[in-house]
Each structure stands twice: as C-alpha cells, then as structure tokens.
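Morning, everyone. Let's look at the empty space inside this one, and then at a pair of helices.

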Amino acid sequence: MACSVWVLARTPNLFAVVVLSGIYSFLMATVLVALDAVDVAMTEAAVGAGVSTVLLLGALHLCKSEEAKPAHRPWLPLLLSVATAAVLIYGALGLPDFADPNAPIHQHVVPRYLQNEIDVPNVVTAVLASFRSYDTLGETTVVFTAGAGIIALLRRRKHPKSEGSSDGK
Amino acid sequence: MSSGGVVEHFSYIVTVFLMVAGLYVVMARGNLIKKLVGLSVFQTSVYLLYIAPGKLIGGTAPILAPQYTVYSNPLPHVLILTAIVVGVATLALGLAITVRIRETYGTIEEDEIIAADNAVQVAEDVRS
C-alpha cells in the first residue's frame, strides 16, 4: 500500500495515477476485512475502487491525461508534511493501544448495540438504519446536494459552442 | 490501559503515513485531478483511523451468531460507511468542477490557471 501511494505521488501520467488509486482502494478493502469491518470493506471495494475509478476515468476522458512538470522543487510542502506527521505520531502515542478491550471506544454505547435489541443479526445494519438513522438521512441529503450540484455544473455545457462530448454522470 | 511503544501503535503510524502522503499530494502537485486523488487518499486514511481502534483480537465481524461472544466495535463501521458514500459524492462534485475549469481555461494545471487569471487582471488594468 505504501508502494502504491509512493508511486502515485511520483508518476506524471494521470491514467496510471487513476489505476493505482483503484489498486490502493482494493488494498484498503483487504485491510478493512482483516480489521473485521466487512460491510465497510464491501462498500470500499464497490464504491472506492469501482465508482471513483469510473468517475476519475470519465474526467480524464474530458481532460488531458499528462501532468505538467512542477516548476519548483516541492521542499516546503514536504517539510510541512513531515512536521505534521511528527506531531500526529507524537499525539497518537497517547492513544489507547491497538485492540485494547478496555479502551473508551468499547465502553460507552456499544455494549447496548451488541445486545440485539431490535432483532437484526447484523449490528452494522441495525445501527445504520435504526439507532443512527438520522445520520443516514443526512448522508442522503449530502449525496442529493452533490448530485444536484454536478447537474448544475455540467448542464450549461450543452448550449454554448462547446465540443459536446457529454458523459453520463 | 498502558500507553506502550511503537508496536502497539503501529496502526496509528500507518494511518499517519497515509494521511500525510495525501496531504503532500494535495499541497505539492498542481494538477487538479491529482489533487483530488490525493484528497481521496487522505480520506481513506481517516477510514483507517476510525476502524482500527474498533478491532478486538479474537473478535469477529459484528454479525450476531450464537457461537461467538466477542465482536469488533460496530459503531465506527457505521460512521465510515456514511463517510465513504459522502466521499464519493464530493469527489464527483470536485471532478465536475475540474471539467468546468478545463472548459473555461483550457488547462487543469494550477500554475497556468493562476497565470491566466493574472493576465486577465493586467488586461483590465490597462484598459481602465
């Protein structure tokens, strides 16, 4: 995964970047399976590796697929990134250990979720659709807004003297 | 709750590496599509940040069955399911904006867009 991210940051060919980001998403889905998050892994493989890659390829089809050489050496962003990493790792050392059963994340409301109160064996579904369904409502609102925004942005291309290659987004 | 060394916090270190790699791509690369890919790498690292603490050694996926007693934490999974879908929506919106920029400016390189903007500004100053 680190390799694919490294190459992703280096290659100027945008087509390779898009394919690598798909590979990266599949690797992330594998990691999520190993972390017992099967629902998230399925979503990541379908949406992250599938839909995102299709969207990026569609955008590449409409744009140029080669990146220009950066004019200046990127020392300042590199320095800033390394400094951020150092601060974040220092902060992470104060967090609970990996897989510590006494960590606060396992104490608060989760034992109640796991008691099968509403008779749905898949707890993720139960929490998503019942306990936290307002979150899901908000999510659909965001997706609707994004879809409306995309339509508003790409619709105006039709009537000016554009080249007229419309994609099905 | 012992605050241990590097091995106990390996998942956080991986998360921080991915996060910073995404941040670097967003800052250092001028190409708008590459910036969006960097942003999605950044986003994926946040998935890992949420999911990794919910794992329990010896636990299974949170689907209730009589033969298991230890389950991983389902709450971060739910939050991240929402985040993935929202992430794709924002990515699609960003790509739509990129396509519009490409039609208006003829380029998706940040430097060239800024140069074009400056040229327009200079022309207006000369005219007025």
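Cavities first. This is a predicted model. The count comes to 2 cavities of 30 Å³ or more. The largest cavity has a volume of about 180 Å³.

What lines the largest cavity? There are 18 lining residues. Nearest the centre lie Ser25(A), Gly48(A) and Ser52(A), along with Ser40(B) and Thr44(B). Both chains contribute helices here. From chain A, helix H2 (14–34) and helix H3 (38–62) each supply at least two lining residues. From chain B, helix H2 (32–51) and helix H3 (74–105) do so too. H2(B) gives the largest share, 6 residues. By character, the lining of the largest cavity splits into 8 nonpolar, 9 polar and 1 charged.

Now the helix pair. Two packed helices are described by the angle and the distance between their axes. Take H3(A) and H2(B), which both help line the largest cavity. How do they run, parallel or antiparallel? Their axes come within 12 Å and cross at roughly 175 degrees. Angles over 145 count as roughly antiparallel, so H3(A) and H2(B) are roughly antiparallel to each other.

Which residues make the contact? On H3(A), they are Val40(A), Glu44(A), Leu56(A), Ala59(A) and Leu60(A). On H2(B), they are Ile33(B), Val37(B), Thr44(B), Tyr47(B) and Ile51(B). That contact divides into 8 nonpolar, 1 polar and 1 charged.

One residue to keep in view is Thr44(B). Thr44(B) is among the residues nearest the centre of the largest cavity, and Thr44(B) also takes part in the contact of H2(B) with H3(A).

Methods:
Residues are numbered from 1 along each chain as its sequence is written. Chains are lettered from A and ligands numbered from 1 in the order in which they are written. This is a predicted model: local features need pLDDT of at least 70, side-chain atom pairs count only at pLDDT 80 or more; totals for chains, interfaces and linings use all residues. Side-chain values use heavy atoms; hydrogens and water are left out. On a 1 Å grid over the protein atoms alone, a cavity is a set of points where a 1.4 Å probe fits but cannot get out, and a pocket is an open set with protein on both sides within 12 Å along at least five of seven lines; lining residues have an atom within 4 Å of a point. Grid points are joined across faces, edges and corners, and a volume is the space filled by probe spheres set on the points. Helices (H or I, at least four residues) and strands (E, at least two) are DSSP runs, numbered from the N terminus. Ala, Val, Leu, Ile, Met, Phe, Trp, Tyr, Cys and Pro count as nonpolar, Asp, Glu, Lys and Arg as charged, and the others, Gly among them, as polar. Axes are lines fitted to C-alpha atoms, for helices over the stretch in contact, and angles run from 0 to 180 degrees between N-to-C directions. Angles under 35 degrees count as roughly parallel, over 145 as roughly antiparallel, 65 to 115 as roughly perpendicular and the rest as oblique. Contact means heavy atoms within 4.5 Å.
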